[in-house]
Amino acid sequence: MAPAVGRSASMIYIGLKECSRATGECAMIDVLIAGGGYVGLSLAVSVKTAAPHLAVTLIDGAPGDAWKKDERASAIIAAAAQMLDVLGVWSGIEPEAEPIRRMVITDSKTADPVRPVFLTFEDEAVEGRPFAHMVPNVALVGALRKAADNLGIEIRQATAAAGFKSGDHAVSVALANGETIEARLLVACDGVRSKLRDAAGIKTVDFDYGQSGIVTTVEHERPHEGTAEEHFLPAGPFATLPLRNNRSSLVWTERTRDADRLIASDDLVFEEELERRFGHRLGALKVVGGRRAFPLGLTLARDFIAPRFALAGDAAHGIHPISGQGLNLGFKDVAALAETIVDADRLGLDIGSLAVLERYQSWRRFDTFRMGLTTDVLNRLFSNDITPVRALRDFGLGIVDRLPSVKSFFIRQASGLGGQSEPKLLGGLPI
C-alpha cells in the first residue's frame, strides 16, 4: 500500500492498518476489493489513479500466478478500450489485441451445405478505432497488475474473504486465514457465485439455460482478416473471434450433456465436430489451446449495494455470451463505481454510505437488467430449430442488413458509445 501525501516517517504498518508509533492510532483502508480479476484490478487502478491519497487494497483467493494460466481471450468494446487508455494500460495491451473489423451473422443447421449471410457489420465506432478488439486475458490482466504495482496498490494473493460485518463507520472483513481487515467500503468482485454477495443477504434472479460454452483456440491456414462470425445453430451460437497470427478464439454453445461429451472426447472426434461447425472457409484447422466448458445461465443481483458494500462484475450479473457483453458490463460497473467513489471523496462525503452508493446502483442496475433480458430473449429466439421462428428471425436480420442507419445504431450500442450519460472513463475522460 503506497504512503499517502504528507505521511511522516514515524508511520508503520500493522496488518492492513496504518498506525503511528507516537499515538497508537490506526487509519483503516478506504477501499477493500475482493477479487483479483480484470474487474477488481481495473477498479483499484481507476480509484487510485484519480485519488492517489485513498488507501486501496485488493485481496484474491487465487495463487499469485494463476492468472498466467488463463488461455481465454475476451472482446473489449471501444468504450472499454478508451477507459483502459485513460488508465494508461491500453498501450501495454494493444500489441496483443486484434481489431474486429467485420462481424458476420449466419443462421443454418450444421448439415446445411450453404450458410447464407443475413447480417454484416462493417464499420468503425469512432474515427480510427474499431468497435471492438479481441484481447488475450493474460495480456489484459498482466497490464492491469503492472499498473496496480506502479500505483502502489497492495495485492494480497491466496487470501480470500470469509465474511464481513458492516458498522456505522467501517466494515470488518474476516479473512480465511483468521485475519480481520477494516475498511470504509468493501467491493465484491468475486465472481458469479459470489460468497460475499450471499453474506450480504442480496438475492438474485437465476436461470439455468441447460447449455455450456466450450472455449478453445484454433489455428487456421488462411487469414481471418479481422472477421468475427456468429453462426446460430439449434443448440446455441457458435462464435469465431479473430486473434493475432492466424488464430481464432471459439465460444461454442452446446447443450450441457453434449458439451460434456465433446470435452471428454479424444482430439480426433473433437476436431471433427468443430470442423463441421467452423466450415472450410479458412482452410485446415488445428486446436492449439486447451478446451474447457462453462455452464451458461442468467444471474442478476436484485440489489448492487448494501451498507458499506457494493457488487461489481460477475458478482452483480452473469449473462449469456451471445452478445459478447459480459466482460464489458464489468468495465461499465468499474467506471461508474470509481466515479461515484472519487466524486464523493472530493466532496468530503462518506464513500461507504448508502446515500453515496445509491448513485452507483441507479447508474448500473437498469442497464444490467436490460442487457440480461436482451441476451435471454436472443438466446431463446436463436437457440432452436422451429421452422416458423427461423423464418421470422432470418427475415428480421435481412431487414436490418438493408438499413444502414439501424446498423450504425447497433454498432454504436455494441461499442458502448451510444449512451448519453455514461461515466467519464467510458468516454475517454479522466475522473
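These legends go with five close-up views of a predicted model.

**View 1. Helix α8, a helix that is mostly covered.**
Start with α8, which runs through residues 326–346. Its 21 residues reach 31 Å from the first C-alpha to the last, close to the 30 Å expected at 1.5 Å a residue. Count the residues hidden from the surface and you will find that 19 of the 21 are buried. After the helix comes G348, a residue whose phi is positive, near 75 degrees.

**View 2. The largest nonpolar core and the residues that touch the most other members.**
In general, nonpolar side chains tend to be buried together in soluble globular proteins. Here the largest nonpolar core holds 83 residues. Which of them touch the most other members? They are I33, I76, L84, L140, V187, F309 and F331. Helix α8 gives this core its largest share, 10 residues. Apart from this core lies another one of 19 residues, including M103, F131, M134 and V400.

**View 3. L84 and its contacts.**
Now zoom in on one member of the largest core, L84. Which residues does L84 contact, once its neighbours within four places in sequence are left aside? The list is I76, V89, W90, I93, L140, L144 and F331. Three of these names may look familiar from the previous view: I76, L140 and F331 also belong to the group that touches the most other core members.

**View 4. A nonpolar patch on the surface.**
Some nonpolar residues are found on the outside of this model: F395, I399 and L403 make a surface patch of about 290 Å². F395 sits in helix α10, residues 387–401. Is F395 buried or exposed? With a relative accessible area of 58%, F395 counts as exposed because this value is over the 50% cut-off. As a helpful reminder, an α-helix has 3.6 residues a turn, so residues three or four places apart point the same way.

**View 5. Two loop residues with a positive phi, E225 and N245.**
Most residues other than glycine have a negative phi, which makes this pair worth a look. E225 is not a glycine, yet its phi is positive, about 55 degrees. You can find E225 in the loop between β17 (204–220) and β18 (227–233). E225 is exposed, at 64% relative accessibility. N245, also not a glycine, has a positive phi of about 65 degrees. Its place is the loop between β19 (236–243) and β20 (247–255). N245 is exposed too, with a relative accessible area of 65%.

Technical notes: Residues numbered from 1 in each chain as written. Predicted model: local features only at pLDDT ≥ 70, side-chain atom pairs only at ≥ 80, totals over all residues. Heavy atoms only, no water. Helix = DSSP H or I, 4+ residues; strand = E, 2+ residues; numbered from the N terminus. Expected span 1.5 Å × (residues − 1). Buried < 20%, exposed > 50% of the residue type's maximum accessible area, 1.4 Å probe, protein only. Core = buried A, V, L, I, M, F, W, Y, C linked by side-chain atoms within 4.5 Å. Contact = heavy atoms within 4.5 Å. Patch = residues over 30% accessible without salt bridge, like charges linked within 9 Å, V, L, I, M, F, W, Y side chains within 5 Å. Areas by Shrake-Rupley, 256 points an atom, 1.4 Å probe, with all protein chains shown as cover. Salt bridge = Lys/Arg side-chain N within 4 Å of Asp/Glu carboxyl O.
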